[in-house]
Amino acid sequence: MNLVFMDLEASGLGEASYPIEAAWVAADGERQDSFLINPKSVAGWRYWDEHAEEVHGIDHNDLVRDGISAQAACKRLNQHLQGCIVVTDAPSYDRFWLDRLYEACRCEPSFRVEGLDAILNASQIAQFAQEAEGAMRRHRALADAEDLYRLAMKILRSDT
């Protein structure tokens with residue numbers, strides 16, 4: 001199974017929000033990627049929540065300057081994650097933002113997004129929640145994807 005851990009940051013949590021940063025770490029720990037997404041590359045991506053900006057610390061101007069287009073983001077994700085099972089600790093939000101991204105580009109993801117329950121049983125999920133509760137989230141996609149990878153793999157390895 002090609003397993004990958006992903007995190008996304010977004011313009012906010014509302015219905016008009018969209019992804020602004022994506023990152024993933026492969027379960028082998030050897031491959032990863034992270035990038036910003038330029039919201040000006042998609043007509044209609046205007047929603048910006050200043051509270052969300054305070055949380056993730058990504059300035060809108062930085063996205064415009066340093067972000068790749070939504071089309072390039074879809075292509076990059078599809079190339080690297082084709083056939084993978086992508087695990088996230090917030091599947092409803094992350095699926096929503098990935099759907100927004102792929103719909104904007106009129107294409108389909110080449111990977112499947114799942115929650116932690118795809119790889120952890122109920123007691124392992126409880127252990128994950130307990131350990132994650134005490135951890136400091138940095139709210140940057142790569143740092144959070146790395147934390148997700150490390151904790152999930154620690155729990156999986158402890159049960160073998």
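The following legends describe close-up views of a predicted model.

**View 1. Helix α6, residues 141-158**. Helix α6 has 18 residues and spans 26 Å from its first C-alpha to its last, close to the 26 Å expected at 1.5 Å a residue, that is, 1.5 Å times one less than the number of residues. Helices (H or I, at least four residues) and strands (E, at least two) are DSSP runs numbered from the N terminus. Buried residues of α6 (under 20% relative accessible area, 1.4 Å probe, protein chains only) include D144, L148, Y149 and M153. Among the elements covering the buried residues are β1 (3-10), β2 (19-26), β4 (85-87) and α5 (122-133).

**View 2. Surroundings of D7 in strand β1**. D7 is buried, with a relative accessible area of 4%. Beyond residues up to four places away in sequence, D7 contacts (heavy atoms within 4.5 Å) E21, A22, A23, D89, R137, R140, A141, D144 and A145.

**View 3. The largest nonpolar core**. A nonpolar core is a set of buried Ala, Val, Leu, Ile, Met, Phe, Trp, Tyr and Cys residues joined through side-chain atoms within 4.5 Å. This one has 30 residues, and M6, L77, L81, V86, L98, L101 and F111 have the most contacts inside it. Helix α3 (70-81) is among the elements that each supply at least two residues; α3 gives the most, with five. Apart from this core lies another of 19 residues, including I85, L148, Y149 and M153.

**Notes.** Residues are numbered from 1 along each chain as its sequence is written, and side-chain values use heavy atoms, without hydrogens and water. Local features need pLDDT of at least 70 and side-chain atom pairs count only at pLDDT 80 or more, whereas totals for chains, interfaces and linings use all residues.

Terms used
Buried < 20%, exposed > 50% of the residue type's maximum accessible area, 1.4 Å probe, protein only.
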